Amino acid sequence: MSAADEILDIVDENDQVIGQSPRGEVYARGLRHRCVFIQARDAESRVFVHRRTPAKLVFPSLYDMFVGGVVGAGESYDTAALREAEEELGVCGLPQPRHLFTFLYDNGAGRSWWSAVYEVRCELPVRPQAEEVAWHAFLSDAEVERRLGTWEWVPDGLAAYERLKAFRSAG
């Protein structure tokens, strides 16, 4: 089964399931669905940053400071967060990522998804999937901030990052 054939829950503005469709159709028609964003930090508290491969269906070749992806049909956010973090980091045995908050991402051009933001400590050696990750490194918060204006970032990850900074400064 290709990624485009994966079945996703379609949700309304209140994050209630109203149907299901294949991922390819969800993207093509701009249907609202669910995603998870996991900020992974190493033992030195550096953030895992990566550049997506050119073959990605959404935001190819852009940088991201989160690992994550879509929530499958019938899957919980928590289950998807652990699955996606382990898949993208190429590790097994991560602790359950900690849920921080959920928000409705909307790019104003017909692309909208519920986005659950998590954090996890990854002290295991990472082996990211070559088909998903073209480049990766663990960067300090200061280095991530320095790169914000110079690298092209995925827009939903950037929105999640800005909300995460506000969430942490309010806490």
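**Salt bridges, aromatic pairs and helix α2**

Arg147 is partly exposed, at a relative accessible area of 29%. The model is a predicted one. The salt-bridge partner of Arg147 is Glu143, with N and O 2.7 Å apart. Glu143 has a relative accessibility of 15% and therefore counts as buried, the limit being under 20%. Both residues belong to helix α3, which spans residues 141-147. They are 4 residues apart there, so about one helical turn separates them. A further set of salt bridges forms a network through shared partners. Its members are Glu75, Arg83, Glu84 and Glu87.

In total, the structure contains 16 salt bridges. Two of them involve Arg46, a partly exposed residue with a relative accessible area of 29%. One partner is Asp42, whose closest contact with Arg46 places N and O 2.6 Å apart. Asp42 is buried, at 8% relative accessibility. The other bridge joins the side chains of Arg46 and Glu44, at 3.8 Å from N to O. Glu44 is exposed, with a relative accessible area of 58%. Arg46 thus bridges to a buried residue, Asp42, and to an exposed residue, Glu44.

Aromatic side chains were examined next. The count is 10 aromatic pairs. In one of these, the ring centres of Tyr63 and Trp135 lie 5.8 Å apart. Their planes meet at 75°, so the pair is edge-to-face, a class that begins over 60 degrees. Tyr63 sits in strand β5 (residues 63-64), whereas Trp135 sits in strand β9 (residues 133-139). The pair therefore ties together parts that are 72 residues apart in sequence. Tyr63 is buried, at 16% relative accessibility. Trp135 is partly exposed, at 31%.

Phe101 and Phe167 make up another aromatic pair. Their centres are 5.1 Å apart, and an angle of 40° between the planes makes the pair tilted. Phe101 comes from strand β7 (residues 98-106) and Phe167 from helix α4 (residues 155-170). This strand-to-helix pair thus ties together parts 66 residues apart in sequence. Phe101 counts as buried, because its relative accessibility is 13%. Phe167 has a relative accessible area of 36% and is partly exposed. A single aromatic cluster holds Tyr63 and Trp135 together with Trp151 and Trp153.

Helix α2 covers residues 77-89, a run of 13 residues. From first C-alpha to last, α2 reaches 18 Å. That is close to the 18 Å expected at 1.5 Å a residue. The buried residues of α2 include three alanines, Ala80, Ala81 and Ala85. Tyr77 and Leu89 are buried as well. Three glutamates, Glu84, Glu86 and Glu88, complete the buried set. Glu84 is also a member of the salt-bridge network with Glu75, Arg83 and Glu87.

The buried residues of α2 pack against several strands. Among them are β3 (33-41), β4 (47-52) and β6 (67-70). Strands β7, β8 (112-121) and β9 are also packed against by these residues. Two of these strands carry aromatic residues described above: β7 holds Phe101, and β9 holds Trp135. Gly90 follows α2 and has a positive phi, near 70°.

Note on methods:
Residues are numbered from 1 along each chain as its sequence is written. This is a predicted model: local features need pLDDT of at least 70, side-chain atom pairs count only at pLDDT 80 or more; totals for chains, interfaces and linings use all residues. Side-chain values use heavy atoms; hydrogens and water are left out. A salt bridge is a side-chain nitrogen of Lys or Arg within 4 Å of a carboxyl oxygen of Asp or Glu. Buried means under 20% relative accessible area, exposed over 50%, partly exposed in between (1.4 Å probe, protein chains only). Helices (H or I, at least four residues) and strands (E, at least two) are DSSP runs, numbered from the N terminus. Rings of Phe, Tyr and Trp (its six-membered ring) pair if their centres lie within 6.5 Å; planes under 30 degrees apart count as stacked, over 60 as edge-to-face and the rest as tilted. The expected span of a helix is 1.5 Å times one less than its number of residues. Contact means heavy atoms within 4.5 Å.
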